[in-house]
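Let's take a walk through a protein, starting with the whole and ending with a few details. Have the sequence and the 3D view ready as you read.

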Amino acid sequence: MQFHHHGYVTSDPRILPAAGTGVGRPDDLPDEVDVLIVGSGPAGMIAAAQLAQFPGVTTRIVERRAGRLEMGQADGIQARSVETFQAFGFAERIAAEAYRITEMAFWKPDPEHPENIVRTALVPDDPHGITEFPHLIVNQARVLDYFAEVAAGSPARITPDHGWEFTGLTVADAGSAAPGSGPQDTSGDTEHPVTVRLRRTTGPAAGTERTVRAKYVLGADGARSAVRESIGRALVGDQANHAWGVIDVLAVTDFPDVRTKCAIQSHDGGSILLIPREGGFLCRWYVDLGVVPEHDDGAIRATPVAEIVEHANRILHPYRLDVKDVPWHSVYEVGHRLTDKFDDVPAELTGTRTPRVFIAGDACHTHSAKAGQGMNVSMQDGWNIAWKLGHVLTGRAPAALLDTYSAERQVVARNLIEFDREWSTLMATRPEDLPDPSVLEDFYVQTTEFLFGFRTRYEESVIVGPATHQELAAGFPLGKRFKSAPVVRVADGNPVHLGHHARADGRWRVYAFADDGAGGEAGAAAPELDRWAHWLATTPESPLVRCTPEGADPDAVLDVKVVYQRDHTRVEVGDVPGTFLPRVGPFGLVDYEKAYAADPADDIFAARGLDRGGVVVVVRPDHYVAAVLPLSATGDLAEFFDGVLLTPA
C-alpha cells in the first residue's frame with residue numbers, strides 16, 4: 001500500500017481523500033446522475049466500489065431494502081474473486097474471517113452395504129497449483145460489507161440509497177430500437193437520456209414516487225430483474241425440474257467429514273453437497289429433494305426444514321445429523337437461463353448507437369448454486385462494466401468501449417451455464433447410473449481452473465489485441481487474467497507478487513520485461529528496454545505522453561513497470577530509466593515501486609515463458625491481458641492504445 005505522497009497520513013490510509021463528486025456529496029438522491037446502479041448485491045456493489053475511484057462521475061446505487069443485507073444466500077468465494085478482493089484492498093481481512101477449503105471428500109454407497117455411505121476419495125482443492133489465492137467460504141453479506149467500505153472510503157464517497165424500488169425506465173436516444181427493446185422517451189434529453197422511475201419503500205414517505213435522469217443505468221437487481229424487463233430482455237433456457245433444500249445449521253453429528261467440503265451420493269436417497277462455513281461451527285447443506293412433480297406450481301418451495309433434515313439423514317446413513325439451530329434455509333429449483341444480450345441495444349443495431357442500460361449478475365444468468373459460481377461471476381460482470389463506464393464518462397475512452405461489455409460477459413455466462421448443467425446432472429445422478437464410479441471426482445479435478453474462475457478468455461477486440469507475438473509471453477495468454485508471479489523490488493529487496501500491486505483504480509498496467517544485453521553485470525544496460533523507455537516518455541505518439549492529462553501524475557492513466565532478468569543486487573536504482581521512477585503527488589516524490597527484478601528462487605521469465613530478448617505485456621484495469629508485444633514494436637503499442645484511449649481535451 002502506498003500513501004504519504006500527498007502529505008503525512010496518520011489516519012487509516014485505506015480511506016482516500018474525498019474528491020470531485022465526493023466532496024459535499026448530498027444525502028438525498030439527486031435528480032440527475034451519470035450512473036444509476038439498481039441493486040446492492042455483488043454485481044452492484046463491486047460496480048459502485050470501482051466507480052467510486054472516478055470522482056468526476058456522479059454515481060448512485062438504489063436498493064429497495066431498508067438497510068444492509070444481513071443474511072446472504074451465496075457463500076462460495078473462488079480464488080479469482082479473492083484475487084479481485086486483493087485489487088480492492090481487502091483480501092487478507094476477509095480471508096482471516098472466512099473458512100478456507102483445502103480439499104474435497106467424495107462419499108458414495110458402500111458396495112457391500114449400499115444403504116450406507118463410505119468415503120471413496122479425498123481430493124486436494126487445487127491439485128494443479130493453479131493459484132496462490134485461497135478458495136474461501138464466507139457469508140455474502142460480509143462480501144457486500146467490504147465493497148461498501150471501499151466505495152464509502154474512496155474519492156467519490158459512494159453509499160447505497162436504501163428504500164428505493166425501481167419501477168421502470170424510458171430511454172430518450174434509443175433511436176430505431178427493435179420492438180420489445182424497451183420503451184422510448186421522446187423528451188429529447190440527450191445529456192441524461194434514461195429516465196428512471198422509483199418508488200419509496202420505507203419511512204413516512206413510503207409509496208411516493210419520483211424520477212431520476214441518468215446517462216447510464218446498471219440493473220443488478222436479481223433474477224426477477226425489473227430493469228431487464230424494462231429493456232425487453234428475457235431469461236431463456238431450461239425450466240427447473242430438480243429441487244434442492246439449502247440449510248445453514250448449527251448441529252451435532254457423527255459424520256466424520258463435517259468440517260470438509262463433501263459431495264455425498266447415496267444409493268437411493270439423493271445427494272448432498274456439504275460446505276463448512278466460517279466460524280468453525282456453522283455448515284451449509286445442499287440436500288437433494290428430487291425431481292419436481294409436474295404441475296407443482298412452486299409447492300416444493302414450501303418444503304419445511306424438518307423434511308429437509310429428514311432427507312439429509314436418509315442420505316447420510318449410517319451417520320446422523322442432530323440439528324440444533326437453523327439460521328437460514330431455502331428451497332430452490334435448478335434452472336439454467338440466460339439473456340441473449342446484456343444491454344439495451346438490439347443485436348442488429350450493435351455499433352450503431354450507444355448502449356444506455358446494462359444488466360449484470362442474476363439479472364442476466366441463472367443456474368444452480370452448487371458449483372459456487374453465481375456471486376463470483378456476477379462480481380466480474382460488475383467490475384467489467386464499471387471500469388468501462390468510468391473510462392467513457394471521464395473522457396478516457398470512446399463510447400464504443402461499452403459495446404464490449406455484453407460481447408465479453410454473455411459468452412462467459414453461457415460457458416458457466418453449460419458447465420453447471422453438467423455438474424448439476426452429475427450431482428443428481430445415482431452412482432450406479434454413472435459410466436464410471438469416479439466420474440464426479442474426476443470432473444471436479446479436471447475443471448479446477450473453471451471452478452476457480454480462471455478459465456475466462458476474452459476474444460480479440462478493441463481491448464484484446466491479436467496473438468501475433470503471443471510466443472514472447474506464453475504464460476500470459478491474451479484475453480486471460482494476468483497470472484501473477486513473485487518478483488523482488490529493486491529499491492529495497494522486498495519480495496512481492498507482481499500482480500498484487502495492481503489495485504482496482506481504473507488504470508491500465510504496462511509491464512516491460514527487460515532484455516539483458518550485457519550479460520547481467522551490475523550497472524550494465526538493457527539496451528532494448530532503455531530505447532523503449534525513452535520512446536514511451538518522450539515521443540508524442542507514445543500512449544503515456546498522449547493519454548496523460550496535463551497536470552496529472554505521469555502514471556494517472558498508464559501504470560508502467562519494469563522487471564529485470566538480473567538479481568536485484570545487480571540492478572542499480574540510478575540505472576533505472578526515469579520512466580519507471582515517476583515523480584508523483586504535489587511534492588513530486590519519486591515512486592520506487594515500479595522497478596523490479598526476477599526472484600532467483602522463482603524466476604518470472606522462466607515461470608511465464610517470457611522471451612529473454614524483452615517483451616511488453618499490457619493489462620486491462622480488470623486484470624485481463626490485452627496485448628503482448630516485443631520491446632521494438634513501439635508503433636504497435638501506440639496503435640493499440642489509439643483504439644482504446646482518447647487524447648485528453
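What follows goes from the overall build to the core, and then to some backbone oddities.

First, keep in mind that you're looking at a predicted model. Its chain folds into 14 helices and 29 strands. If you drew a box around the C-alpha atoms along the principal axes, the box would come out at roughly 75 × 65 × 50 Å. How does that spread compare with a compact globule? For 649 residues, such a globule would have a radius of gyration near 26 Å, and the protein has 26 Å, so the two agree.

Contacts tell you something about how the chain is put together. Take the contacts between residues at least 6 apart in sequence: 74% of them join residues at least 24 apart. Buried residues account for 57% of the 649.

Now for the outside. The accessible surface adds up to about 25300 Å², and carbon and sulfur atoms hold 51% of that. As for charge, there are 60 positive side chains and 90 negative ones, with the centres of the two sets 3 Å apart.

Let's head inside. In soluble globular proteins, nonpolar side chains tend to be buried together. Here the largest nonpolar core has 173 residues, and the members touching the most others are F147, L169, W508, F513, W532 and I604. Pick F147 and look around: leaving out residues up to four places away in sequence, F147 touches M45, I46, A49, F85, F88, F90 and M379. There's also a second, separate core of 24 residues, with V292, V309, I315 and L316 among them.

Finally, the backbone has some spots to look at. Most residues other than glycine have a negative phi, and most peptide bonds are trans. Which residues does a cis peptide bond join here? The answer is H317 and P318, with omega about 20°. You'll find P318 in the loop between α6 (305-316) and β17 (321-333).

Then there's R157, which isn't a glycine but has a positive phi, near 55°. R157 sits in the loop that runs between α4 (140-153) and β8 (161-162), and it counts as partly exposed because its relative accessibility is 22%, with the cut-off for buried being under 20%. H623 also has a positive phi without being a glycine, this time near 85°. Its loop lies between β28 (615-619) and β29 (625-629). Is H623 buried or exposed? H623 is buried, since its relative accessible area is 7%.

Note on methods
Residues are numbered from 1 along each chain as its sequence is written. This is a predicted model: local features need pLDDT of at least 70, side-chain atom pairs count only at pLDDT 80 or more; totals for chains, interfaces and linings use all residues. Side-chain values use heavy atoms; hydrogens and water are left out. Helices (H or I, at least four residues) and strands (E, at least two) are DSSP runs, numbered from the N terminus. The radius of gyration is taken over C-alpha atoms; the globule rule is 2.2 Å times the number of residues to the power 0.38. Buried means under 20% relative accessible area, exposed over 50%, partly exposed in between (1.4 Å probe, protein chains only). Contact means heavy atoms within 4.5 Å. Accessible areas come from the Shrake-Rupley method with a 1.4 Å probe; for residues, only the protein chains shown count as cover. Lys and Arg count as positive and Asp and Glu as negative; His and the chain ends are not counted. The place of a charge is taken as NZ of Lys, CZ of Arg, CG of Asp or CD of Glu. A nonpolar core is a set of buried Ala, Val, Leu, Ile, Met, Phe, Trp, Tyr and Cys residues joined through side-chain atoms within 4.5 Å.
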